[in-house]
Every structure is written in C-alpha cells, then in structure tokens.
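This briefing covers a ligand site and the packing of several helices. Please view the sequence and the model together while reading.

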Amino acid sequence: MTGSTTSVLIVGAGPVGLALACELGLRGVAAMLIEKRDGTIAVPKQSMVSSRSMELCRRWGIAPAVRAAVWPQNHPRDFVYAESLRGRELLRVKLPSFAARERDDITPEPPCPCPQTYFDPILTERVRTFATVEIRYDTRLDGFTQDDEGVAAQLTDTRGGASKSVTAYYLVGCDGPAGVVRDALGIGLVGGGTIANSLNLFFRSAALASFHDKGWARFYRVIDEAGCWGELIPIDGNELWRLTVFDEPASAEDPDALLRKMAGGAFDYEMLSVVPWQRREYVASRYGEGRVSIAGDAAHECSPTGGIGMHTGLEEAANLGWKLAAVLERWGGPRLLASYEAERQPIALRNVALATRSFEAIAAIPGTRAPEDLRWRAKPSPWLSVPEHLKLQYAYEGSPICVGDGAAAPDPEPARFVASARPGTRAPHAWLADGRSTLDLFGDGFVLLRLGHKPPDAARLLHAGKLRGVPMREMSIGDPHIAALYEKRLVLVRPDGHVGWRGDDVPADAGGIIDRVRGA
Ligand SMILES: Cc1cc2nc3c(=O)[nH]c(=O)nc-3n(C[C@H](O)[C@H](O)[C@H](O)COP(=O)(O)OP(=O)(O)OC[C@H]3O[C@@H](n4cnc5c(N)ncnc54)[C@H](O)[C@@H]3O)c2cc1C
C-alpha cells in the first residue's frame, strides 16, 4: 500500500465536492479531491443554478462562464402547462428571458440555467487552477479511521484495483446519497424517505423545438386526465432535452410511448439515457463526527422540483470551507467546526420541506377533465416552484458563532424578499458607486464595514482580531442607502458573506466578539 498526505481529503467530485475544493483552493489550503468515476458526466441532474449559487460562482470567478455556457439569453423562461406540446395549453406562467430581465436589486446574480453536464466542468476547470488542490479520478474511498491527530483513509484505484492510503487532518464526504462516509459514521436520516419513483429520459432532438407551437420555455409540464405526470426541460436550449416522469405508474410505460405522449405525436429523436431514480426527502441526523464532516446530497436529498438540492450543498461548501481553513491556520477556535452542523442542518430541513411542498403542489394539479381544472387554472398554487427569493431568505438563527443583537427575526416566508443584516443573515447586496456589489467585498477573511457619514472608529475590534491572528480588514461605505440597509454603523461580515456581529459602537469586550465569531 502506497501513502500520501494532505490537509483536507474531499470525497466525491460532484458539484459540492468541487465547490469545497474551490473554497479551500482560494484560501491556499492543501486539499485532495478524489472521485471514483473517471470525471465524465453523461447525465444532467441539476439544471438550474440558483441566485445564491450564482453569487458563490461570482466569488469563485466563474459566474460569467456559467451564464455563457449554454442557455440562450433571449429564450423566455416561461412555465407552460399543457395536455402535450402539441395539445391544449392550460396555463402559462410568464417569465422574461434573461436578456429582457431588469437589473435585480436583491442580488447581483439572478439564477441561471446551466445543467450539471456544463456546470461541473466549469467548476472543475476552476479547481484545476489552484496549486494547492489535487484532483484524483478513478479513486474510491473504501474506509477510514480517525484519531486526535487526523484521518487515515483507504483508497482503491478503480482502474487497476491497487490500494492506497492517504492521511489528512480532515475528511469531508461529498459522496452523494449513496456515499460511504455517512454510513461509516453511523449517521441516521430524518425525513419521509422515498416520496416517488421517478424516471428521467434524456434525449437529443433537433426537431422538437419546431414540432409544436408553445415556443421556448424553461419547463413544459404535461397533464392528462389523472393530473400532471411529467415535465420537459430544455437542457441546452437547442437539441438536448430531459423528460422527467414524476411517478411510477406512468414510468412503467414504454419510454418511446412517453416521449410521444409528451409531444402529442411522433418526432425524430435519439434516446441518450433512461434512468429510473427515487425522489427522496431526508436530512442527516448529524453532519459529521470528529474530523469528518458530510456535505451536499450526502447530508440531504430533496425533490428536484425546488431547484434547491445543489443550491443547499453549495452553501454548505461555502459555510465549511472557511471554517476548515481557519482551524488549519489555527485562528479558528475549538467550537468553530461544530457550528457547521448547528448552522446548516436547520437550513437543510427547511429547504427539503420547501422542495416537497413544491412537489405536492404539482401532484395536486387536477386532471384535465376534473371539475377543479378550471378553478386550478384561474388560481394556480404559488408553490408550483419554490419561489426564488426564499432561497436568499435564510439566516443562521441562534448560531453559536454569531452575536445576536436582539432584532426580531423576519417572516421566514415573506411574499417578497426582505433584506436584512441581522447577525446570521447573508449580508445584503447593494450596488457600490464603482459598479461592484457589496457582496464583492466579502470572501477572503472577515470584513468590518464602517457605514454612513463619520462611522465610529473600530481600531479596538481590528486590534482584537489581529491579536488572535484572524484575517480581517475594514471597509468604509459612506452611501446613506447602504448604511440604512445594514442598519448599524459597524457590521462584521464573515468570510462566507454572513453577518457575524453588528453594532453602533465597539463594545468594551471587543475580544469577546472576535472569540465568538471564530468559535473560540
Ligand atoms: C432530476 C434532478 C434534477 C435536479 N435539478 C436541480 C436543480 O435544478 N437545481 C439544484 O440546485 N439541484 C438540482 N438537483 C439536485 C442536484 O443534482 C444534487 O443536489 C447535486 O448533484 C448534489 O451534488 P453532490 O456533489 O452533493 O452529490 P453528487 O452529485 O451525487 O456527487 C457525488 C460524487 O461522489 C462520488 N462518490 C460517491 N462515493 C464515492 C467514493 N466512495 N469514493 C469516491 N467518490 C465517490 C460519486 O461518483 C459522485 O460523483 C436535481 C437532482 C435531480 C435528480
């Protein structure tokens, strides 16, 4: 058995493992990313990159590449509900193309269609630019042991079958729903389990776009006498498509018959893959143990109807990345890593529930001949997709590493996004005079914002950070609108862009604040 060492061993090069590798690479942390497959991705699972995910991509320097990857900017993004592509249109929720969309004042990065077959390679290319990160394909984790010093992992080269060992200070299982890390830690699952047996048909057809009269849309949901049975998604806005059949009775039919039923007639296509899969909802009861953590689908799975699964995993990578760097650089305290579960598990529970709510709203669409059909079309459920603004509307309530300021928690499900800079929330976006977003200020180290006209001196807080080795810099923003948005004159923003503390003056115990946010 041959051996090597690294600081963080990341298991699984799906989007979440790649995102964590990016977070660590940007911070100069040595990491090894292992993947049991050869690195090619044949089937697009995720298709939408949420605005929060796009904000992270912006920080990783890949947002323009993701936006330009595949989806034509002038295609409308409507949700079309019809008997079939050629059949009667029942409802259309109109959404403008990205080209026609107005500049958003809640995020610098609106959501973007970029299926996994395009998204993962962009992330991979970015990871390859980091000198401290090594990617090893065809390498499977078989088991590991951990002690006070580190983790010893047993790997197998899946091409030659040779065994290897790697030692690391930390291991993160981003190994998906069937990964070995969660099981090895004996972590159970909380939640409903399987909610449907679904089927994905991935196919190529240059003919389909002009086969019908509905025009380009993001989703075409097809409804028969029994209700909504499937959804068609354009993958590249040209000739690649994915039909997802929601539940088993329909998927028992012949795949070709399903495509004809969806289209309302026979059309030319090449079937690329037919993949049955279980639509599941669960969250891991724990997010790790000792030096080993889990993230992404290894920690939760949800119905894709919300477009929120990868979104939740990328946020986890952003939450965990700076904490691992902090403990390796020795300015992170002993409670820092435990805050990962405390902050992220409640968000996963909430996001999984949002996705199921959306699936249930689709499942409740009445059949085309049902008496409620007209009523449904006159007043469709707002939950036919998870409202995008709710993906930004989250906070690490009660976090052990945020200093609460007593401000009341906002409604968790407001009709419109409510910006907030309460400790625990994502520090809100606003455009700066030089055209950047406030979000562009955050990422490497803590940022102490001094806001408004004549902001208070914050030297004591900066000094307390320096004494403890915490990377921290100050930024003054005079703009009164941004000062009003952030509400306090001093706001300490963490490396993941969340607010750790805010106040109008530096309190007597400046060191106490720094110790709290660094998990000491
Ligand atoms: C049909 C569908 C549509 C979806 N649409 C969206 C969407 O629009 N937006 C969204 O945000 N999410 C969406 N999702 C969810 C999204 O695809 C997942 O949340 C995401 O892929 C999870 O990424 P991950 O990196 O955690 O896991 P995975 O993508 O499962 O990657 C895990 C990786 O670990 C590797 N691995 C496993 N075990 C080992 C081992 N022992 N050793 C080494 N490597 C190992 C696997 O080979 C795999 O490459 C969708 C899901 C489905 C099924």
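The points below deal with the ligand and its surroundings, then with pairs of helices.

The model is predicted. In it, the ligand is surrounded by 32 residues, and the protein covers 92% of the 1000 Å² of accessible area that the ligand has on its own. Three elements, α1, β8 and α8, each supply at least two residues of the shell. Helix α8 also packs with α1 and with α2.

**Shell around the ligand**

- The closest of the 32 surrounding residues are Glu35, Arg37, Met48, Asp297 and Met310.
- By residue class, the shell divides into 12 nonpolar, 12 polar and 8 charged residues.
- Helix α1 spans residues 15–26, strand β8 spans 139–146 and helix α8 spans 309–328; each of these elements gives the shell at least two residues.

**Backbone contacts to the ligand**

- A polar backbone atom of Met310 is 3.0 Å from an oxygen atom of the ligand.
- Met310 is also listed among the residues closest to the ligand.
- For Val16, the distance from a polar backbone atom to a ligand oxygen is 3.1 Å.
- At Ser47, a backbone N or O atom lies 3.1 Å from an oxygen atom of the ligand.
- With the protein in place, 92% of the ligand's own accessible area of 1000 Å² is covered.

**Packing against α8**

- The axes of α1 and α8 are 8 Å apart, and the two helices pack at an angle of about 30°.
- Angles under 35 degrees count as roughly parallel, and α1 and α8 are therefore roughly parallel to each other.
- The crossing in which α1 passes α8 is right-handed.
- Helix α2, residues 51–60, packs with α8 at an angle of about 40°, and their axes are 9 Å apart.
- Helices α2 and α8 are therefore oblique to each other.
- The handedness of the crossing between α2 and α8 is left-handed.

**The α12 and α14 pair**

- Helix α12 covers residues 459–467 and helix α14 covers residues 510–517; their axes come within 8 Å and cross at roughly 50°.
- This angle makes α12 oblique to α14.
- Helices α12 and α14 form a right-handed crossing.

Conventions. Residues are numbered from 1 along each chain as its sequence is written. This is a predicted model: local features need pLDDT of at least 70, side-chain atom pairs count only at pLDDT 80 or more; totals for chains, interfaces and linings use all residues. Side-chain values use heavy atoms; hydrogens and water are left out. A residue is near a molecule or strand if one of its heavy atoms lies within 4 Å of it. A polar contact is a pair of N or O atoms within 3.5 Å; within protein, one must be able to donate a hydrogen and the other to accept it, and residues adjacent in sequence count only if both atoms are side-chain atoms. Accessible areas come from the Shrake-Rupley method with a 1.4 Å probe; for residues, only the protein chains shown count as cover. Helices (H or I, at least four residues) and strands (E, at least two) are DSSP runs, numbered from the N terminus. Ala, Val, Leu, Ile, Met, Phe, Trp, Tyr, Cys and Pro count as nonpolar, Asp, Glu, Lys and Arg as charged, and the others, Gly among them, as polar. Axes are lines fitted to C-alpha atoms, for helices over the stretch in contact, and angles run from 0 to 180 degrees between N-to-C directions. Angles under 35 degrees count as roughly parallel, over 145 as roughly antiparallel, 65 to 115 as roughly perpendicular and the rest as oblique. A crossing is left-handed if the near helix is turned anticlockwise from the far one by less than a right angle, and right-handed if clockwise.
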